[in-house]
Amino acid sequence: MSAQCSSIKQQDHDGNLNFINTQETQWRDVPKEPIKYASKKDTIMVSGGLTIVQDKLMESAICSLGEKFVALPNPDFESFQTGKAYGNRGQCNPTYFTVGNLVKYLQNVRDEQGLTSKEIVERYIYLTAGGCGPCRFGMYITEYKKALRDAGFDGFRITSFEHDKGIFQGDDIEEQILNFTPRFFVTLVKSVVIGDIINILGYKMRPYEVVSGSVDIAIDECKNIASDAFIEHKSLIKAMWKCRRVLEEVKLNRIQPKAKVMVMGEFWAAMTQGDGNYNLHRFLEAEGAECIPQPIINRLMLSLWEAERELDRNAGLPNEDAKGVDFTHAKSKVLIKAGKMAVKTHFNLYAKAIGLHDFEIPNMDELSDLSKEFYTLDCEGGEGHLEVAHLLESIKHNIAHLVISIKPFGCMPSSAVSDGIQSLVTSRFPQANFLSVETSGEGAANFYSRVQMALFKAKQLAKEEFEEIPTPLSIPEKLNNYLYQPKNERAGTASQLLESIREH
Ligand code: SF4
């Protein structure tokens with residue numbers, strides 16, 4: 001130890017470390033002082049952490065219900081560092097990014113709007129999804145509370161809706177403050193579904209834009225059109241038609257053999273658009289690929305599928321709380337089916353109006369059938385069997401030239417379970433081009449280099465596939481219209497388009 005280092009002493013204890021473990025350090029999940037919270041009309045709800053389009057639409061949708069709601073900015077590297085500074089060690093990085101993002105936002109409110117920490121705690125409430133795990137997900141709410149307390153916001157309220165209970169919940173949530181009614185959830189789901197549709201179209205079009213940046217401008221306009229429709233209580237279907245006209249103006253050149261890359265994995269890491277996954281989608285696009293994203297509707301359908309399966313498993317068990325004949329099971333079953341139907345109907349209506357024709361909402365029964373030989377369906381947590389199912393689906397139907405499974409460092413369901421099984425899948429199907437990558441919030445250079453190596457093979461595959469199909473002397477105009485979305489056994493967009501007009 002250098003002389004300089006050895007001269008550094010703990011100021012309070014003069015270098016004596018015997019104080020460690022002499023004080024009670026038991027965590028208590030209650031504020032130290034009683035707090036008089038603001039009334040419902042003065043309470044501001046904050047949330048965020050989805051994609052940029054969805055955060056904005058969620059804000060408009062919830063505000064349209066008369067709630068005061070603010071969507072947090074997209075989490076960045078600074079959010080991650082703030083989360084690390086105030087969070088426990090050993091958490092997964094969605095926690096650090098989202099917890100840090102909330103702390104950073106509240107610190108900005110304090111420093112820029114001149115509110116005291118006490119006033120912020122009284123007026124604000126954070127809305128998030130929760131659950132019992134079985135991975136670290138079960139610890140999220142406690143993590144939020146711990147970090148907020150250490151950042152000076154002791155007693156800040158966090159409320160959650162259980163991610164696997166769908167739109168029919170709310171009994172045990174602070175109904176005095178939040179209206180977690182079916183109407184609230186239906187509106188929320190509409191905003192998420194529309195956001196998914198706009199995002200999917202953005203990913204389909206951006207790699208082929210003739211004028212750089214033109215798709216982003218059009219997508220931004222679509223986001224504003226949909227947002228205004230929520231705020232002004234106008235028809236969302238008409239808004240989607242309006243977006244269709246905006247997108248039709250974008251010039252595309254789709255006859256380019258680009259590698260198609262399915263990005264899946266742990267929900268947050270695969271979905272976020274920023275430092276949380278090193279901007280993976282944008283990186284792939286810059287490297288000449290087209291991404292197949294994982295829309296949030298996939299997670300929604302998995303949650304409903306899991307809830308239904310749980311019900312079926314418990315069907316024969318007696319309900320000791322029931323008085324007389326127990327209809328709880330039948331009622332829940334009907335509600336889940338209604339929920340699924342509502343999500344699908346809204347998705348299909350909006351998708352049709354804006355011109356997304358080739359996206360199919362995943363059939364969860366088919367995906368579970370596909371994966372159950374490899375992954376026990378009883379093993380829940382994270383994406384459960386879905387990652388294995390997506391890889392098998394991609395192999396079976398030739399959906400992509402490369403499948404990337406992205407997950408936070410040490411993610412229990414994704415790294416520890418799914419990836420173990422994926423090695424069995426890739427040994428049975430050696431033609432699969434599969435890459436599993438972890439994010440830790442740091443170490444982007446290593447991450448990009450691994451993606452580039454897998455992408456090299458994917459590009460070769462896309463090129464070979466393209467060259468197998470004769471290119472016509474003149475390219476029909478419809479091939480460069482985003483509304484033309486043929487489906488066939490080819491994976492790459494250019495190959496699919498040429499195949500669709502090929503004379504056999
Ligand atoms: S799924 Fe993975 S990243 Fe998400 S909470 Fe669980 S362990 Fe963390």
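**Around the ligand and through three helix pairs**

The shell around the ligand draws on two parts of the chain, taking at least three residues from each of domain 1 (75-179) and domain 3 (257-295 + 362-504). Keep in mind as you look that this is a predicted model. The residues to pick out around the ligand are C92, P94, C135, R136, F137, E266, G382, P408, C411, M412, P413 and S414. Sort them by class and you get eight nonpolar, two polar and two charged. Helix α16 (residues 412-428) gives the largest share of that shell, with three residues.

Let's stay with α16 and look at a helix it packs against. That partner is α15 (residues 386-397), and the two axes come within 9 Å and cross at roughly 30°. An angle under 35 degrees counts as roughly parallel, so α15 is roughly parallel to α16. As for handedness, this crossing is right-handed. On the α15 side the contact uses E387, V388, L391 and L392, while α16 brings in S414, S418, I421, Q422 and V425. S414 is worth a second look: it belongs to this helix contact and also sits among the residues around the ligand. By class, the contact of α15 with α16 comes out as five nonpolar, three polar and one charged.

Now for a pair with another geometry. Helix α3 (residues 77-86) packs against helix α4 (residues 93-113) at an angle of about 95°, and their axes are 6 Å apart. The two helices are therefore roughly perpendicular to each other. From α3, the contact takes E78, S79, F80, Q81, T82, G83, K84 and Y86; from α4, it takes N93, T95, Y96, F97, V99, G100, N101, V103 and K104. The classes here are six nonpolar, eight polar and three charged.

Last stop: helix α8 (residues 214-231) and helix α9 (residues 236-248). Their axes come within 9 Å, crossing at roughly 165°. Anything over 145 counts as roughly antiparallel, so that is the label for α8 against α9. The crossing of α8 and α9 is right-handed. To trace the contact, follow A218, E221, C222, I225, A226 and A229 along α8, then L236, A239, K242, C243, V246 and L247 along α9. What classes do the residues of the contact of α8 with α9 divide into? There are 10 nonpolar residues, no polar ones and two charged ones.

How values were computed
Residues numbered from 1 in each chain as written. Predicted model: local features only at pLDDT ≥ 70, side-chain atom pairs only at ≥ 80, totals over all residues. Axes fitted to C-alpha atoms, helices over the stretch in contact; angles between N-to-C directions. Helix = DSSP H or I, 4+ residues; strand = E, 2+ residues; numbered from the N terminus. Parallel < 35°, antiparallel > 145°, perpendicular 65-115°, else oblique. Left-handed = near helix turned anticlockwise from the far one by under 90°. Contact = placed C-beta atoms within 7 Å. Nonpolar A, V, L, I, M, F, W, Y, C, P; charged D, E, K, R; others polar. Near = placed C-beta within 6 Å. Domains from an automatic or database assignment.
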